Amino acid sequence: MDVIHKGAGDLRVTPNLTDYEQTRASFDWPAVPDVCAGMGEGGCNIAYAAVDRHAEGQEAGRTALRFIADTPDSAELTTHDVSYAELGRLTRKFTNVLRGLEIGKGDRVFVIMGRVPELYISMLGALRNGSVVSPLFSAFGPEPIATRVTIGSADVIVTTAAIYKRKIAKIRDQLTTVKHVLVVSDEDAEIPDTLDFHRLMDEAPEDAPIEHTTADDPSLLHFTSGTTGTPKGAQHVHGAVKMHYITGRYALDLHDGDIYWCTADPGWVTGTSYGIISPLLHGVTSIIDEAEFDAERWYRILQDEEVSVWYTAPTAIRMLIKAGPELPAKYRFPHLRFIASVGEPLNAEAVWWGKRVLGLPIHDNWWQTETGGIMVANTPAFDIKPGSMGRPLPGVEACVVDHDQETGAVRVIEEPGVEGELALRLGWPSMFRGYLNQEERYRKCFHDDLYLSGDLVKRDADGYLWFVGRTDDVIKASGHLIGPFEVENVLTDHPAVAEAAVIGKPDPTYGELVKAFVTLKSGYTGDDALRRDLMGHARKRLGAAVAPKEIDFVDSLPHTRSGKIMRRLLKARELGLPEGDISTVESPAGVKA
Ligand code: ATP
Ligand code: MG
């Protein structure tokens with residue numbers, strides 16, 4: 001099998017992790033540097049480690065956040081820099097804004113806005129205040145907002161005038177727990193029933209001692225992507241900061257002086273853990289693009305902003321691939337040093353594309369809203385096997401288990417190559433502490449000292465983990481268990497295919513039949529000849545039992561707003577069944593490919 005040897009990337013800088021085995025063997029959580037040491041005995045607060053520490057330190061004058069405005073013309077990038085010192089000043093002011101409203105420790109602050117400075121200021125300022133922060137994706141409509149705000153019992157909402165008027169005003173009566181709505185507005189006139197964010201900020205004093213919080217105090221409430229059903233609210237704690245710190249070192253290879261770009265929105269856990277917290281912990285400069293995806297704009301940002309570490313998602317990479325090779329040929333990326341991806345399986349072809357087009361392989365990694373931080377990763381310390389999500393990070397014990405869904409029995413599978421559920425041994429600091437209002441569901445995620453992830457994987461003899469599919473998506477055809485990713489990975493290896501999604505369609509003969517939905521790269525037409533060619537390609541690689549029996553060419557696939565393919569929706573539509581919770585479905589409009 002083709003592997004990409006370690007060191008095949010750019011090694012201008014010695015990676016933080018060079019000896020994987022040895023670092024794992026000697027790893028000890030208590031020995032990880034205490035980024036909250038300055039808070040005094042037992043103190044732990046994410047915002048202290050991310051902001052306060054640097055606002056007073058050597059990094060004070062360094063740019064913490066560089067915002068790129070959403071202007072109609074992307075040829076010229078308009079930027080706005082916020083230094084660590086300024087971020088400290090603004091977040092302290094926001095802490096005082098909340099205190100002035102009698103919002104304190106444990107109270108819930110929901111933040112609903114695009115990637116503008118006020119989003120970052122309010123989230124970090126609220127964390128300093130000991131309040132529990134829940135960022136909601138700004139493109140949610142009124143209903144998904146109402147559901148989440150209600151189950152999260154929000155005390156405060158921070159939003160923009162546009163979002164308030166279009167979405168929240170309509171549902172305001174239903175939001176009975178909400179005491180204050182703070183609105184970021186360009187207008188002079190205040191909006192009834194709201195408070196003006198900037199007026200409160202102007203009036204707030206700059207000094208605000210941080211609330212005393214400990215590692216076990218609640219910090220963030222993140223809703224899952226809703227890929228497999230109704231989104232769950234996962235409760236996290238401040239102690240997670242240790243995980244954000246160490247994974248920034250080992251999985252993202254952050255170094256002093258890096259320019260880092262995480263493309264995820266803070267409405268999803270990646271956009272908070274790695275779009276806000278981890279880069280700030282390492283004192284690097286983060287690029288924040290306020291605009292939506294646009295292939296050319298993204299290449300321009302990578303080039304003009306001299307991005308050195310890039311953390312993105314398979315769906316974005318596939319959109320770049322789909323947009324064709326002419327665009328990247330116009331740009332140069334001499335500063336890029338490390339690329340990582342998360343959120344969905346990263347097909348092998350996408351890893352190679354990175355190497356060919358950007359000059360660097362893409363390092364896939366795996367984690368979930370529930371795990372709070374990266375668990376399994378391809379790191380600079382070992383070869384990449386394209387299509388694999390890598391190996392468990394130091395400090396993370398992963399195993400493959402046979403989990404009987406009926407009886408709940410769990411058996412650890414020792415032998416390599418056997419498919420089973422990915423489980424993690426408890427002990428990493430960013431594990432979620434509950435599903436909001438779903439105690440029983442939370443309990444069911446655990447067996448003894450194992451957390452059961454709900455994802456199926458295989459581990460090879462070298463300890464690499466290979467994603468098979470979610471337990472919910474696995475196809476049972478002619479007595480075989482087929483993981484959709486295995487089939488999708490082969491389909492996307494065909495030169496015509498941009499993206500593929502595979503489902504099991506009930507069938508009297510096979511039990512389930514493998515059906516694929518495929519989008520094509522520009523320049524290809526989905527006709528019978530291509531269908532035959534694709535079927536032949538899949539049969540040759542996968543064998544007749546696993547290759548799709550049906551292939552539909554479609555213009556686009558349904559994705560969650562966090563960029564994941566919603567196979568359950570394809571299946572429901574195929575079978576004419578109810579679509580279930582569709583609050584997180586992305587509308588194709590607004591995404592330019
Ligand atoms: P829900 O739990 O509401 O159905 P979700 O599981 O998609 O939504 P997230 O927590 O955002 O919500 O996503 C985590 C899931 O994403 C993982 O359990 C896994 O299925 C998938 N995933 C993340 N990274 C990878 C990866 N590198 N390879 C394969 N799958 C991945
Ligand atoms: Mg999930």
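In the predicted model, histidine 363 is located in strand 14, which comprises residues 362-366. The relative accessible area of histidine 363 is 8%, so this residue is classed as buried. Glycine 417 follows at a separation of 54 residues along the chain, and the C-alpha atoms of histidine 363 and glycine 417 are 22 Å apart. A second pair of positions is separated by 310 residues in sequence, namely leucine 577 and glycine 267, whose C-alpha atoms lie 29 Å from one another. Leucine 577 belongs to the segment after helix 17 and, with a relative accessibility of 47%, is partly exposed.

Two annotated domains were considered. In the UniProt record, an unreviewed entry, residues 54-436 carry the annotation "domain: AMP-dependent synthetase/ligase". Helix accounts for 30% of this span and strand for 23%, and a distance of 33 Å separates its end C-alpha atoms. The feature "domain: AMP-binding enzyme C-terminal" is placed by UniProt, again in an unreviewed entry, at residues 486-564. This second span is 27% helix and 32% strand, with its end C-alpha atoms 16 Å apart.

Side chains of opposite charge can pair when their charged atoms come close. Across the whole structure, 40 salt bridges were identified. One of them joins lysine 179 to aspartate 155, with 2.6 Å between the closest N and O atoms. Because lysine 179 lies in the loop between helix 6 (161-171) and strand 6 (180-184), whereas aspartate 155 lies in the loop between helix 5 (142-151) and strand 5 (156-160), the pair ties together parts that are 24 residues apart in sequence. The two partners fall into separate accessibility classes: lysine 179 is exposed at 52% relative accessibility, while aspartate 155 is buried at 10%.

A further salt bridge is formed by the side chains of lysine 330 and glutamate 296, at an N to O distance of 3.0 Å. Glutamate 296 is part of helix 10 (residues 295-304) and lysine 330 is in the loop between helix 12 (326-329) and strand 13 (338-341), so that the contact ties together parts 34 residues apart in sequence. Lysine 330 is exposed, its relative accessible area being 54%, and glutamate 296 is partly exposed at 22%.

Arginine 567 and glutamate 488 also form a salt bridge, in which the closest N and O atoms are 2.8 Å apart. This pair links distant parts of the chain, 79 residues apart, with arginine 567 in helix 17 (residues 567-575) and glutamate 488 in helix 15 (residues 484-491). Arginine 567 has a relative accessible area of 9% and is therefore buried. Glutamate 488 is likewise buried, at 5% relative accessibility. In addition to these pairs, a network of salt bridges links Lys505, Lys515, Glu550, Asp552 and Glu574.

On the surface, a patch of negative charge is made up of Asp73, Glu76, Asp304 and Glu306. Aspartate 73 occupies the loop between strand 1 (63-68) and strand 2 (79-83). Its relative accessibility of 47% places aspartate 73 in the partly exposed class. Glutamate 306, another member of the patch, is found in the loop between helix 10 and strand 12 (309-312). At 41% relative accessibility, glutamate 306 is also partly exposed.

The backbone conformation of glutamate 306 was examined as well. Most residues other than glycine have a negative phi. Glutamate 306, although not a glycine, has a positive phi of about 55°. Asparagine 437 is not a glycine either, and its phi is positive at about 60°. Asparagine 437 is situated in the loop between strand 20 (434-435) and helix 14 (439-443). With a relative accessible area of 64%, asparagine 437 is exposed.

Key: Residues numbered from 1 in each chain as written. Chains lettered and ligands numbered in written order. Predicted model: local features only at pLDDT ≥ 70, side-chain atom pairs only at ≥ 80, totals over all residues. Heavy atoms only, no water. Patch = residues over 30% accessible without salt bridge, like charges linked within 9 Å, V, L, I, M, F, W, Y side chains within 5 Å. Areas by Shrake-Rupley, 256 points an atom, 1.4 Å probe, with all protein chains shown as cover. Salt bridge = Lys/Arg side-chain N within 4 Å of Asp/Glu carboxyl O. Lys, Arg positive; Asp, Glu negative; His and termini not counted. Charge placed at Lys NZ, Arg CZ, Asp CG, Glu CD. Helix = DSSP H or I, 4+ residues; strand = E, 2+ residues; numbered from the N terminus. Buried < 20%, exposed > 50% of the residue type's maximum accessible area, 1.4 Å probe, protein only. UniProt positions renumbered as here; feature names shortened; annotations may be inferred.
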